[in-house]
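Thanks for coming, everyone. I'll take you through one protein chain this morning. Please look at the picture first.

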Amino acid sequence: MTGQIDNRDKNESRKIAIILIGLIAVLVVAALLMLPALTELTAQHLSPGLGLKDAAIISFFITLAMMLVFALASGDGLLGEIQFILGGFFLFFVIIWLMISWIF
């Protein structure tokens, strides 16, 4: 009895593996056919942005204002949350800085 169950499971797993390999092949072919359109799309949307120096200045003031709002809304004020504000400031600054320079 267990031999029949094992054979049925093997056949089922082979069918699933063949279907998955076929789907992967179809996805690879579709990606190759979409490659010219994707290169045009990336060239258009990933062109140089605002620049790192100007984006850093804008990001500094956006992050400073956002951290002041967070500190006032937290309840303990500026001194009670200073260790979290400093870490959050640098993290927000880097993310906003790179996003501004890339998008704009």
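Let's start inside a helix. Ser-59 sits in helix H2. Keep in mind that this is a predicted model.

Is Ser-59 buried or exposed? Ser-59 is buried, because its relative accessibility is 0% and the cut-off for buried is under 20%.

What does the side chain of Ser-59 reach? The answer is the backbone oxygen of Phe-93, at 3.0 Å. Ser-59 has further company. Set aside the neighbours within four places in sequence, and Ser-59 still touches Phe-93, Ile-96, Trp-97 and Ile-100.

Now step back to the whole chain. How many helices and strands does the protein chain have? There are four helices and zero strands. Read from the N terminus, the order is α-α-α-α. The chain has 104 residues, and 14% of them are buried. So Ser-59, at 0% relative accessibility, belongs to that buried group.

What about contacts along the chain? Take those between residues at least 6 apart in sequence. Of these, 76% join residues at least 24 apart.

Next, the aromatic rings. Searching the whole structure gives six aromatic pairs. One of them is Phe-60 with Phe-89. The arrangement is edge-to-face, with 5.9 Å from centre to centre and 85° between the planes. Where do the two partners sit? Phe-60 is in helix H2, and Phe-89 is in helix H4, which covers residues 82-103. They are 29 residues apart, so this pair links distant parts of the chain.

How covered are these two rings? Phe-60 is partly exposed, with a relative accessible area of 35%. Phe-89 has 15%, so Phe-89 counts as buried.

Phe-89 has another partner. Phe-89 and Phe-93 make a stacked pair, at 6.2 Å centre to centre and with 10° between the planes. Why are Phe-89 and Phe-93 separated by about one helical turn? Because they are four residues apart in helix H4. Phe-93 is buried too, with a relative accessible area of 17%. Remember Phe-93 from earlier: its backbone oxygen is the one that the side chain of Ser-59 reaches.

Which residues form the aromatic cluster? Phe-60, Phe-61, Phe-89, Phe-90, Phe-93 and Trp-97 form one cluster. Trp-97 has come up before, as one of the contacts of Ser-59.

Let's move to the outside. The protein chain exposes about 8,400 Å². Carbon and sulfur atoms supply 76% of that area. One nonpolar surface patch measures about 460 Å². Which residues make this patch? They are Ile-57, Phe-60, Phe-61, Leu-64 and Leu-68. Two of those names, Phe-60 and Phe-61, are also in the aromatic cluster.

Here are two members of the patch in detail. Ile-57 lies in helix H2, which runs over residues 52-74. Ile-57 is partly exposed, at 47% relative accessible area. Leu-68 is in helix H2 as well. Its relative accessibility is 42%, so Leu-68 is also partly exposed. How far apart are Leu-68 and Ile-85 in space? The distance is 8.8 Å, C-alpha to C-alpha, with their positions 17 residues apart in sequence numbering.

One last stop, in helix H4. Ser-101 lies there. Ser-101 is buried, because its relative accessibility is 12%. Its side chain reaches the backbone oxygen of Leu-98, at 3.0 Å.

To wrap up, hold on to three places. Ser-59 is buried in helix H2. The pair of Phe-60 and Phe-89 links helix H2 with helix H4. And the nonpolar patch includes Ile-57 and Leu-68. Now go back to the picture and find each one.

Terms used
Residues are numbered from 1 along each chain as its sequence is written. This is a predicted model: local features need pLDDT of at least 70, side-chain atom pairs count only at pLDDT 80 or more; totals for chains, interfaces and linings use all residues. Side-chain values use heavy atoms; hydrogens and water are left out. Patches are made of residues with over 30% relative accessible area and no salt bridge: like charges are joined within 9 Å, nonpolar side chains (Val, Leu, Ile, Met, Phe, Trp, Tyr) within 5 Å. Accessible areas come from the Shrake-Rupley method with a 1.4 Å probe; for residues, only the protein chains shown count as cover. A salt bridge is a side-chain nitrogen of Lys or Arg within 4 Å of a carboxyl oxygen of Asp or Glu. Helices (H or I, at least four residues) and strands (E, at least two) are DSSP runs, numbered from the N terminus. Buried means under 20% relative accessible area, exposed over 50%, partly exposed in between (1.4 Å probe, protein chains only). A polar contact is a pair of N or O atoms within 3.5 Å; within protein, one must be able to donate a hydrogen and the other to accept it, and residues adjacent in sequence count only if both atoms are side-chain atoms. Contact means heavy atoms within 4.5 Å. Rings of Phe, Tyr and Trp (its six-membered ring) pair if their centres lie within 6.5 Å; planes under 30 degrees apart count as stacked, over 60 as edge-to-face and the rest as tilted.
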